[in-house]
Amino acid sequence: KQLEKDLAQALGRGEFHLVYQPQISLQSNRIIGAEALLRWSHPDRGMVPPDHFIPVAELNGTIVEIGQWVLDESCRQAAAWAASGMPLRIAVNLSAVQLRQPDIVGTILATLGRHEIPPGRLEVEITETGFMENLEDAVEKLRQLNGAGISIAVDDFGTGYSSLTYLKRMPVQHIKIDKQFVQDLLTNDDDTRIANTIIDLGKSLNLSVIAEGVETHEQEFYLRQRGCQIAQGYHFSRPLTPEAFREFVAQFH
Ligand code: G
Ligand code: G
Ligand code: MN
Ligand code: NA
């Protein structure tokens, strides 16, 4: 309850910030973009993990306002990067609750316009559960976003109610292998098979696959030779502040 009260005031008090985790092309070894991740520094509790407060924000609806702030701030950052010669794609997590807002498509496009970000530079990450509630409505909105040039990624792939038929109907370009399958990729046969299956699925549906939670060189090597296109994880970099991200890009080769 107290958390809920604090959450309602956190935005106004400037307690949120974003960190950015680089996404690396396993083919070109280049940084192709970054995922924006929300952080809340609570005045007393310190850093509250998103896993703790996002479900609360989704239940009481504050995620709509918070999510809009995330989108705005991400676009502001992307514009700043572009202005300094780093036109990177930015991936933003979109809650199912946000996707359900009737004006979400217009809101996203207006935000891009305000910051003069071409739609092709934004990627929206949706979880499978986000798709499933009111499938028709979600498909229609994602079609509109995609039609405008925004790319769509399915986050946490393999952990939800995956159905191959809905994937075919969805206008998605990327699927993200959840980090739980990457963690033990090389030590657990089931996880190896699951990761392989997702990579093959990506191939047959012509989607590129992003592996998240890549922590070792061996995992990177395996994923590359197996045909996974993009990776992110501590092996490359933790999520970084804007300043640290800039430095990371400058040093990366
Ligand atoms: O940053 P971290 O790996 O701790 O994130 C944990 C979870 O919180 C992830 O599932 C991530 O998708 C989610 N998350 C992080 N930032 C945002 C955000 O801005 N909006 C939403 N809806 N979820 C986020
Ligand atoms: O959006 P999603 O729920 O997938 O968010 C990714 C989460 O994974 C973030 O909370 C991020 O901090 C975390 N993360 C990113 N890279 C790694 C990694 O290499 N290992 C682990 N354990 N977590 C990671
Ligand atoms: Mn994500
Ligand atoms: Na994920």
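How many residues surround ligand 2, and which are the closest? In this predicted model, 13 residues surround ligand 2, and the closest are Asn93, Gly213, Glu215, Gly233 and Tyr234. This briefing describes the surroundings of both ligands, then the pairing of strands, the contact of two helices, and two residues with a positive phi.

**Surroundings of the ligands**

- The shell around ligand 2 contains four nonpolar, four polar and five charged residues.
- Ligand 1 is surrounded by Leu37, Leu38, Pro49, Pro50, Asp51, Ile54, Gly67, Val70, Asn93, Ser95 and Asp155.
- Sorted by class, the shell around ligand 1 consists of six nonpolar, three polar and two charged residues.
- At least two residues of the shell around ligand 1 come from each of β2 (31-42), α2 (50-60) and α3 (62-83).
- Of the contributions to the shell around ligand 1, that of α2 is the most, at three residues.
- Asn93 is listed around ligand 1, and Asn93 is also among the closest residues to ligand 2.

**Strands β1, β2 and β9**

- Strand β1 (residues 16-25) pairs with β2 in the antiparallel sense, and nine bridges join the two.
- Within this pairing, tryptophan 40 in β2 stands opposite phenylalanine 16.
- The hairpin of β1 and β2 has five residues between the strands.
- β1 also pairs with strand β9 (residues 230-231), again in the antiparallel sense, over two bridges.
- Serine 25 has isoleucine 230 in β9 as its bridge partner.

**Strands β5, β6 and β7**

- Strand β6 (residues 151-157) is joined to strand β5 (residues 122-127) by five bridges, and the two run parallel.
- Valine 124 has isoleucine 152 in β6 as its bridge partner.
- β6 is also joined to strand β7 (residues 174-177) by three bridges, and these two strands likewise run parallel.
- Here isoleucine 175 in β7 stands opposite valine 154.
- All seven of the seven residues of β6 are buried, so this strand is largely enclosed by the rest of the structure.
- One residue of this strand range, Asp155, is listed around ligand 1.

**Contact of helices α1 and α2**

- The axes of α1 (residues 2-10) and α2 come within 10 Å and cross at roughly 80 degrees.
- Because of this crossing, α1 is roughly perpendicular to α2.
- On the side of α1, the residues that meet α2 are Leu3, Glu4 and Leu7, and their counterparts in α2 are Phe53, Val56, Ala57 and Asn60.
- By class, the contact of α1 with α2 has five nonpolar, one polar and one charged residues.

**Two residues with a positive phi**

- Asparagine 29 has a phi near 60 degrees, which is a positive value in a residue other than glycine.
- The location of asparagine 29 is the loop between β1 and β2.
- Is asparagine 29 buried or exposed? Asparagine 29 is exposed, because it has 10 other C-beta atoms within 10 Å, and a count of 12 or fewer is classed as exposed.
- Glutamate 116, although not a glycine, likewise has a positive phi, of about 55 degrees.
- The loop between α5 (104-114) and β5 is where glutamate 116 lies.
- Glutamate 116 is exposed, because 11 other C-beta atoms lie within 10 Å, which falls under the limit of 12 or fewer.

How values were computed:
Residues numbered from 1 in each chain as written. Chains lettered and ligands numbered in written order. Predicted model: local features only at pLDDT ≥ 70, side-chain atom pairs only at ≥ 80, totals over all residues. Near = placed C-beta within 6 Å. Helix = DSSP H or I, 4+ residues; strand = E, 2+ residues; numbered from the N terminus. Nonpolar A, V, L, I, M, F, W, Y, C, P; charged D, E, K, R; others polar. Axes fitted to C-alpha atoms, helices over the stretch in contact; angles between N-to-C directions. Parallel < 35°, antiparallel > 145°, perpendicular 65-115°, else oblique. Contact = placed C-beta atoms within 7 Å. Buried ≥ 20, exposed ≤ 12 C-beta atoms within 10 Å, placed from the backbone. Pairing = 2+ DSSP bridges.
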